[in-house]
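Biologist: I am new to this structure. Please take me through it and give the reason for each label you use.

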Amino acid sequence: MSSLRSSVRMTRALRATAPRAFVAAPRMGVRAYSTPAEPKSSNTPLLLAALLAGAGAAYYMRDDLKNVLGGASNKVPSKEDYETVYKAIAEALEKDSSYDDGSYAPVVLRLAWHSSGTYDKETNSGGSNGATMRFQLEATHDGNAGLEAARNFMEPIKAKFPWISYSDLWTLGGVVAIQEMGGPKIPWRPGRVDKPEDQTPPNGRLPDGAKGQDHVRNVFHRMGFNDQETVALIGAHAVGRCHSNRSGFDGPWTFSPTSFTNQFYVLLLEEGWVPKKWDGPFQYVDKNSGSLMMLPSDYSLIKDSSFKKYVQEYAKDEDKFFKDFSKAFSTLLELGVPAENFAKGAEGLGTSTPLIFKATSE
């Protein structure tokens, strides 16, 4: 994690004076990952191993088989257990320096976001309680292209800690990603349970980057968020990048795509944004360097007066952005989770309050 932490520190020191001509890190090749092998110490019958080998990607196989192989039990996890999982995720984020900008943190954050952002407050369906993206049906939903990289990244960690549900693991991964990229502390509670494929939410619930402010408002209000929370959550576009072979769009939002900052808002307001001239879908590029991009949905935030006032507020005050983002993102990760789940998840923690994890730099 040393290079990621160094990147965060360097970005905070230099971003105020960085020249506009500074070019974002080049996009690297993406390696495909296969399902990780089972630990050598496993005494699982060969028949089960053969069944598992033929099941394809690990998140598509039946949980009962995976739990037998992984040695799942009725363990009551402690706070220290979750801290160990946090550290394991953090230590693996830079395991492949050729992936995107050298870190899996942005795509792991996106997995947590997309597995939670399917919630519908009217029907109380979807949300983070279920992790149904481990099945092909939701994995191929609009907006989820490329997330197999994050799910595959999580598989060795799930194999090491079979007692944690995918739902808890993926959301905890989002917390790790934000904090390890220099972002705010995110309160997190365990208790989510995994659901079968027939509980998959309908396609089309995630935000569409090609659409404008009416769509953005409808999607986030459907989840229960107001305009301020909507703008705060979209600030996660400070990290990561789009890929033409996934969403169709291409490029990073900021000059520091592995550092969690308020630069998404600063650049959205201060840069001149013009339509990109290319064969892909309509998007914006910055006029000065041509190396950054904004989606139509991003640009709509400064076309809408209600949204724009929060963009301006967060561009001026990063501490305010961090505070509001932390609260909204913690809420996002709990959408669709029954209160009794969190009560049960707290049994081994010695507290009913959300957990706050230390970043590895602390």
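Modeller: The model is a predicted one. Setting aside neighbours within four places in sequence, Val-85 touches Ile-157, Phe-161, Trp-163, Ile-164, Leu-169 and Leu-172. Val-85 belongs to helix 4, residues 79–92.

Biologist: Why is Val-85 called buried?

Modeller: Val-85 has a relative accessible area of 0%. Buried means under 20%, so Val-85 is buried.

Biologist: How far is Val-85 from Val-176, in sequence and in space?

Modeller: The two are 91 residues apart in sequence, and their C-alpha atoms are 9.7 Å apart in space.

Biologist: Which residues have the most contacts inside the largest nonpolar core?

Modeller: Ile-89, Leu-172 and Phe-329 do, in a core of 89 residues. Helix 8, residues 166–180, gives the most to this core, with 8 residues. In soluble globular proteins, nonpolar side chains tend to be buried together.

Biologist: What is Phe-329 in contact with, leaving aside neighbours within four places in sequence?

Modeller: Its partners are Leu-109, Ala-112, Trp-113, Gly-174, Ile-178, Ile-186 and Leu-233. Leu-233 is also one of the buried residues of helix 10.

Biologist: What makes helix 10 mostly covered?

Modeller: Helix 10 spans residues 227–234, and 8 of its 8 residues are buried. They run from charged names such as Asp-227 and Glu-229 to Val-231, Ala-232 and Ile-234, among others. Each counts as buried because its relative accessible area is under 20%. The cover includes helix 5 (105–116), helix 9 (213–223), helix 11 (263–270), helix 12 (296–299), helix 13 (305–316) and helix 14 (318–332).

Biologist: How do you know that there is a polar contact at the start of helix 10?

Modeller: A side-chain oxygen of Asn-226 comes to within 3.2 Å of the backbone nitrogen of Gln-228. The cut-off for such a pair is 3.5 Å, so this one counts as a polar contact.

Biologist: What is the volume of the largest pocket, and which residues lie nearest its centre?

Modeller: The volume is about 1000 Å³. The lining has 48 residues, with Arg-110, His-114, Gly-143, Pro-207 and His-237 nearest the centre. Helix 5, helix 9, helix 10, strand 1 (241–242) and helix 12 each give two or more residues to that lining. Helix 5 has the largest share, 6 residues.

Biologist: How many residues of that lining are nonpolar, polar and charged?

Modeller: The lining divides into 21 nonpolar, 16 polar and 11 charged residues. Arg counts as charged, so Arg-110 is on the charged side of that division. Gly counts as polar, so Gly-143 is on the polar side.

Note on methods:
Residues numbered from 1 in each chain as written. Predicted model: local features only at pLDDT ≥ 70, side-chain atom pairs only at ≥ 80, totals over all residues. Heavy atoms only, no water. Core = buried A, V, L, I, M, F, W, Y, C linked by side-chain atoms within 4.5 Å. Buried < 20%, exposed > 50% of the residue type's maximum accessible area, 1.4 Å probe, protein only. Helix = DSSP H or I, 4+ residues; strand = E, 2+ residues; numbered from the N terminus. Contact = heavy atoms within 4.5 Å. Polar contact = N/O pair within 3.5 Å; in protein donor to acceptor, adjacent residues only side chain to side chain. 1 Å grid on protein atoms, 1.4 Å probe; cavity = no way out; pocket = protein on both sides within 12 Å on 5 of 7 lines; lining within 4 Å. Points joined across faces, edges and corners; volume = space filled by probe spheres on them.
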